[in-house]
Amino acid sequence: MPLTVLDHPVAAHLLTLLRDARTEPAQFRALCRQVTLYLLVEATADLPIRSCKVDTPLETAEGAELAAELVVVPILRAGLGMLEAATQFLPRVAVGYVGLERDETTAVARSYYCKLPPVKGREVLLIDPMLATGGSANHALDLLAKEGAAGLRVLSIVAAPEGVEAVRRRHPGALIFTAALDRELDARKYIRPGLGDFGDRLYGT
Ligand code: PRP
Ligand code: URA
């Protein structure tokens, strides 16, 4: 199944605080980092490992190391709120950036920045808290697939069914992880019930 929805009581509690309109930007940023950790645990659970030896202070022990080369790509701006959790959680990771902004009337994503490390043959975690129409995620996934990424994983905090379906249709091999699958998009292509404009709440704009 390409869609995984988090099922964890602590993540559900944190998400409720994120949704709360009274949550101020400083707490919102902290909650964003915390929920992202749960998404990372879920999204990396099947990564391949290889065995290795490790010298402890007392003897040599069996160890394990990640066999996959990982790249994490936040979609600017809101994806930046999830980046610190990803770089702290993963022992070794390269970071790329894709800047996209939805037009306020059409909700179509416009690209304004792109800087990617080599992604060919690598496992890419695309991080963006909101998967609404799926236009932004698909735009970034197109770039990453064109560059030869070996695997594509999308980590979102709140997803709309329309966005999940759009990604599933265009990138059927991509795995999607979300903390919540919400009801629908409204006429302005905002997720309902959602949590409003993630970037604005993250940065107090
Ligand atoms: C938001 C969000 C996603 C996008 C999702 O970004 O962070 O990138 O909308 O919508 P979509 O699935 O319909 O494309 P926005 O364009 O508002 O920019 P921002 O992150 O700079 O606030
Ligand atoms: N982007 C957001 O920040 N919120 C939504 O509900 C949809 C797109």
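**Exercise 1. Is Lys189 buried, partly exposed or exposed?**

Keep in mind that you are looking at a predicted model.

*Solution.*
- Start by finding the residue: Lys189 sits in the loop between strand S12 (184-185) and S13.
- Next, take its relative accessibility, which is 36%.
- Then recall the cut-offs: buried is under 20%, exposed is over 50%, and partly exposed is in between.
- So Lys189, at 36%, counts as partly exposed.
- While you're there, check the backbone: phi of Lys189 is positive, about 65 degrees, although the residue is not a glycine.

**Exercise 2. Work out how helices H1 and H2 are arranged, and say which residues they use to touch.**

*Solution.*
- Find the two helices: H1 covers residues 9-19 and H2 covers residues 25-43.
- Look at their axes, which come within 9 Å and cross at roughly 150 degrees.
- Angles over 145 degrees count as roughly antiparallel, so that is the label for H1 and H2.
- As for handedness, the crossing of H1 and H2 is left-handed.
- Now list the residues. From H1 you get Val10, Ala11, Leu14, Leu15, Leu17 and Leu18, and they meet Gln27, Phe28, Leu31, Cys32, Gln34, Val35 and Tyr38 of H2.
- Sort the H1 and H2 contact residues by class and you end up with 11 nonpolar, 2 polar and no charged ones.

**Exercise 3. Do the same job for H2 and H3.**

*Solution.*
- Helix H3 takes in residues 80-89, and H2 packs with H3 at an angle of about 50 degrees, the axes being 8 Å apart.
- That angle makes H2 oblique to H3.
- The crossing of H2 and H3 is right-handed.
- On the H2 side, the contact uses Cys32, Arg33, Thr36, Leu37, Leu39, Leu40 and Val41; on the H3 side, Gly81, Met82, Glu84, Ala85, Ala86 and Phe89.
- By class, this H2 and H3 contact splits into 9 nonpolar, 2 polar and 2 charged residues.

**Exercise 4. Are H4 and H5 roughly parallel or roughly antiparallel?**

*Solution.*
- Helix H4 (residues 135-146) and helix H5 (residues 161-170) pack at about 25 degrees, with 9 Å between their axes.
- Angles under 35 degrees count as roughly parallel, so H4 and H5 are roughly parallel to each other.
- H4 and H5 cross in a right-handed way.
- Ala137, Asn138, Leu141 and Asp142 in H4 meet Ala166, Val167 and Arg170 in H5.
- That gives 4 nonpolar, 1 polar and 2 charged residues for the H4 and H5 contact.

**Exercise 5. Describe the surroundings of Thr178.**

*Solution.*
- Place it first: Thr178 is in strand S11 (residues 175-181).
- Its relative accessibility is 0%, so Thr178 counts as buried.
- Look for polar partners of its side chain. One is the backbone oxygen of Ile157, 3.3 Å from a polar atom of the Thr178 side chain. The side chain of Thr178 also reaches the backbone nitrogen of Ala159, at 3.5 Å.
- Finally, skip the neighbours within four places in sequence and list who else is in contact with Thr178: Leu3, Thr4, Val5, Leu6, Leu39, Ser156, Ile157, Val158 and Ala159.

**Exercise 6. How far apart are the C-alpha atoms of Ala174 and Pro2?**

*Solution.*
- Ala174 is in the loop between H5 and S11.
- Along the chain, Ala174 and Pro2 are 172 residues apart, but 6.6 Å separates their C-alpha atoms.
- With neighbours within four places in sequence left out, Ala174 is in contact with Pro2, Leu152 and Val167.
- Ala174 has 3% relative accessibility, so it counts as buried.

**Exercise 7. Hunt for backbone oddities in the loops.**

*Solution.*
- Begin with cis peptide bonds. The bond from Leu76 to Arg77 is cis, and its omega is near -5 degrees. Arg77 belongs to the loop between strand S4 (70-76) and H3.
- Another cis bond joins Arg192 and Pro193, where omega is about 0 degrees. You'll find Pro193 in the loop between strand S13 (191-192) and helix H6 (198-203).
- Move on to phi. Ala107 isn't a glycine, but its phi is positive, near 65 degrees.
- Ala107 is in the loop between strand S6 (97-102) and strand S7 (109-115).
- At 11% relative accessibility, Ala107 counts as buried.

Terms used:
Residues are numbered from 1 along each chain as its sequence is written. Chains are lettered from A and ligands numbered from 1 in the order in which they are written. This is a predicted model: local features need pLDDT of at least 70, side-chain atom pairs count only at pLDDT 80 or more; totals for chains, interfaces and linings use all residues. Side-chain values use heavy atoms; hydrogens and water are left out. Axes are lines fitted to C-alpha atoms, for helices over the stretch in contact, and angles run from 0 to 180 degrees between N-to-C directions. Helices (H or I, at least four residues) and strands (E, at least two) are DSSP runs, numbered from the N terminus. Angles under 35 degrees count as roughly parallel, over 145 as roughly antiparallel, 65 to 115 as roughly perpendicular and the rest as oblique. A crossing is left-handed if the near helix is turned anticlockwise from the far one by less than a right angle, and right-handed if clockwise. Contact means heavy atoms within 4.5 Å. Ala, Val, Leu, Ile, Met, Phe, Trp, Tyr, Cys and Pro count as nonpolar, Asp, Glu, Lys and Arg as charged, and the others, Gly among them, as polar. Buried means under 20% relative accessible area, exposed over 50%, partly exposed in between (1.4 Å probe, protein chains only). A polar contact is a pair of N or O atoms within 3.5 Å; within protein, one must be able to donate a hydrogen and the other to accept it, and residues adjacent in sequence count only if both atoms are side-chain atoms.
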